[in-house]
Amino acid sequence: MKIKADYANAPQWKEWAVRSRLPEELKCLDELAHNMWWAWNYEARQMWKSLDKDLYEEVSHNPVLLLERLSYERKEEIVKDKEIMKNVKNVYQLFRGYMDAEPDASRPSVAYFCMEYGLNQVLKIYSGGLGMLAGDYLKEASDSNVNMCAVGFLYRYGYFKQNLSMDGQQVANYEAQNFNSLPLERQLDADGNPMVVAVPYMNYQVHAYVWRVNVGRIPLYLLDTDNEMNSEFDRPITHALYGGDWENRLKQEILLGIGGILTLKKLGIKKDIYHCNEGHAAFCNLQRLCDYIQEGLTFNQAIELVRASGLYTCHTPVPAGHDYFEEGLFGKYMGKYPEMLGISWDEFIGMGRSNPNDKNQKFSMSTFAINTCQEVNGVSKLHGWVSQKMFSEIWKGYYPEENHVGYVTNGVHFPTWTATEWRRLYAKYFDPSHLSDQSNEAIWHAIYNVPDEEIWNTRMALKNKLTEYIRSKFRETWLKNQGDPSRVVSLLDKINPNALMIGFCRRFATYKRAHLLFTDLDRLAKIVNDPQRPVQFLFSGKAHPADGGGQGLIKKIYEISQRPEFLGKIIFLEDYDMRLARRLVSGVDIWMNTPTRPLEASGTSGEKAEMNGVVNLSVLDGWWLEGYREGAGWALTEKRTYDNQNYQDQLDAATIYGLLENEIIPLYYKKNDSGYSEGWIRVIKNSIATIAPHYTMKRQLDDYYDKFYNKEAARFKVLSANGCQQAKELASWKEAVAERWDAIHVVFSENDVPSEGMESGVAYNFRFVIDEQGLDDAIGLEFVAVKADKNGEEKIYSVHPFEVVKREGNLYTFEAKIASDEAGFYKTAVRMYPKNDMLPHRQDFAYVKWL
């Protein structure tokens, strides 16, 4: 018999998580590594770097992986190094002093739900602005020491890593994350086993592991379905951010909302406020409804409590950007909920329709969020108004400007996005309280006391830092992807920190108009090729893999950047992530933003630039409409000149070229004998002093408490007291009003307006007698006047309330004196509405009858 050359069975591999063994003196490093506090504290980051500079870069600044990869020999060397050990001790003391501070119990507690969180590039559970905002929010909640927890997903693949092919085509690569090497921990149950949450889907359950990220003092709980307990159809629910088809999206939103509440219940966590950061999380209110009903309340009683403790923040300025589900798909997963709620299927799905009885409408997550949250807000003043109009169909008896949709303008976390060089400068010249009193503009005015040369040197240090980062990070990638090595070397050498550097870095969606700069290539070539006044443009950003238009923009910009006249003058930096973003928002001179009006809900990258002495050049849209100050940046008007978008694009491009040629470039290069432009420094100082203090995350968090959390928590406390007595009474009152609404009618009406109409300055008497059908003073009347604006759109001109002057049984007499100050053409009507002191606003019970 011939002997086989090889013979082996398949190995039965078993995975083991081997944690790094640390000497006793370094045990504190494990605690530090597993708390994201280090992500916004430069003392901690410098400490990690001191342990092994090269390895720190190799592991992309991940301290967990750094400790894992440090040899035991190096650890022993560290223990013997007195300087490093002193630094370790100081940083740990700083951390413990921060963590051990007594929490602020005076403010309402909050549970925060979001699909993504941008905490650091190490943890890839974010894609863009929504995640950046949510991550910054948790960091500031920690710094402000409020009672908050958050819920999201631990994505196996996260968002994609971007490469560009040799012809500029975006290539999306999804790389699996190794959870054991990330700054997070498994959440354990009471028995010390990994916590698992069972989430109902149709007639089966999906099982999610729970992981915890310690964001300073704030716990962020992340759900993970990629485990052997789930089928091959459900494991991918948490594979990719915004990945898969509409069915997978629905499954994700069930997991976030319903699974998120079930997670908090399992952890024994109850909060005063439940904040849905975008409509993705709206099903958290569905589970809360089910819980209240299971405790014995009716649907109408339960919805009072859920609404009173719910807040929905919208980040999307157009209806197409919201999530909608076909009734068939929606029913497949949600068909059992009406029975649990005690309502019909049509009533349930109607909660997600702006016209509840229109069966052609899909189920909207945003509409469901609005119908289950007392308060709704946009993310800038302009976006608040856009949202009022966008959602106005839900409350048909009111004009958009009358509804309750508010706004909180987004901000950025100052310690995260302010470069170390600037933080040290601010600490040197600002009042010691500046970190705890960030919104106090008077403190920021100390920037005017900083010598101009020190400002300029700080800016140049950061420009050089950016230049070196680009050269070191992109050399290998460009050599691999762009072919000709000499061309790559030439490109790298042309990156010039002494040039005026302009950044355009953001998600590549078509409405952001990245193409605007390339409208007139001959004019652009003259701008960038002036040897006496060099200008460089840095572009960066990802397009969604399904967004062909956005990918086309990237390809076009790349192709232009490879032309001889633009090589090294227009540069596209691929794989835009938080680390690159921090370099760019602090390293360029101008931050450019050119969205189509009014499609930028807020935008925050320009706010990050503000903290670093980088000046904005932007369309007056989103936050910049509020933030712009003359002499502190440059702005393109928010008003449209043309309805034709192509014409508008050409005009805006010409405006940008003109600003660059006539104002920005001459000012930057008007240098004195010391080598800097005093005029440019003046713009920087004005920008820091008058704009930056108003766009921090500290201000944003305080706004949410002042505008929403505090008043909701106070109202919820009243409604839920004494066995939810007030909630039950309010629900009963609404039921009575709804039942009798159609029967309430006008018995008599009169006015003394002459047949030829009103005259300005003259008061006229109006009287109505209303039969309230046994209700006890439950009706209000008001005289509504509307007038067309210059665009022909009807707007509220005035609203004048009637007074009840007499009551006889069910008959209520209402009177009002109405006068107009201005002559003109108006439309008027009398509006009847239900009134009750326990209603937070009219849209809470938006019954309207026009008389």
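This report walks through one pocket and three helix pairs in a predicted model.

## The second largest pocket

Let's start with the open space. Rolling a probe the size of a water molecule over the atoms shows where empty space is left. Here the second largest pocket has a volume of about 1200 Å³. Its lining is made of 31 residues, and those closest to the centre of the pocket are Pro356, Asn371, Asp844, Phe845 and Tyr847.

Which helix gives the most to the lining of this pocket? That is α10, with 5 residues. At least two lining residues each come from α10 (299-308), α13 (345-350), α14 (365-372) and α28 (697-740). If you are thinking about the chemistry of the lining, its residues divide into 14 nonpolar, 8 polar and 9 charged.

## α9 against α10

Now for helix packing. Two packed helices are described by the angle between their axes and the distance between the axes. The helix α10, already met in the pocket lining, also pairs with α9 (residues 283-294), and the two axes come within 9 Å and cross at roughly 130°. An angle of roughly 130° falls short of the cut-off of over 145 degrees for roughly antiparallel, so α9 and α10 are oblique to each other. Their crossing is right-handed.

On the α9 side, the residues that meet α10 are Asn285, Arg288, Leu289, Tyr292 and Ile293, and their partners in α10 are Phe299, Ala302, Ile303, Leu305 and Val306. By class, this contact has 8 nonpolar residues, 1 polar and 1 charged.

## α2 against α6

Further towards the start of the numbering, helix α2 (residues 42-51) packs with helix α6 (residues 82-99); their axes come within 10 Å and cross at roughly 150°. That angle makes α2 roughly antiparallel to α6. The crossing of α2 past α6 is left-handed.

Who meets whom at this contact? From α2 come Glu43, Ala44, Met47, Ser50 and Leu51, while α6 brings Ile84, Asn87, Val88, Val91 and Leu94. The contact of α2 with α6 divides into 7 nonpolar, 2 polar and 1 charged residues.

## α21 against α26

The last pair joins helix α21 (residues 521-528) and helix α26 (residues 645-668), whose axes come within 11 Å and cross at roughly 20°. Why is α21 described as roughly parallel to α26? The angle of roughly 20° lies under 35 degrees, and angles under 35 degrees count as roughly parallel, so α21 is roughly parallel to α26. The crossing of these two helices is left-handed.

Arg523, Leu524 and Ile527 make the contact from α21, and Ala654, Tyr657, Gly658, Leu660, Glu661 and Ile665 make it from α26. Sorted by class, the residues here are 6 nonpolar, 1 polar and 2 charged.

Note on methods. Residues numbered from 1 in each chain as written. Predicted model: local features only at pLDDT ≥ 70, side-chain atom pairs only at ≥ 80, totals over all residues. Heavy atoms only, no water. 1 Å grid on protein atoms, 1.4 Å probe; cavity = no way out; pocket = protein on both sides within 12 Å on 5 of 7 lines; lining within 4 Å. Points joined across faces, edges and corners; volume = space filled by probe spheres on them. Helix = DSSP H or I, 4+ residues; strand = E, 2+ residues; numbered from the N terminus. Nonpolar A, V, L, I, M, F, W, Y, C, P; charged D, E, K, R; others polar. Axes fitted to C-alpha atoms, helices over the stretch in contact; angles between N-to-C directions. Parallel < 35°, antiparallel > 145°, perpendicular 65-115°, else oblique. Left-handed = near helix turned anticlockwise from the far one by under 90°. Contact = heavy atoms within 4.5 Å.
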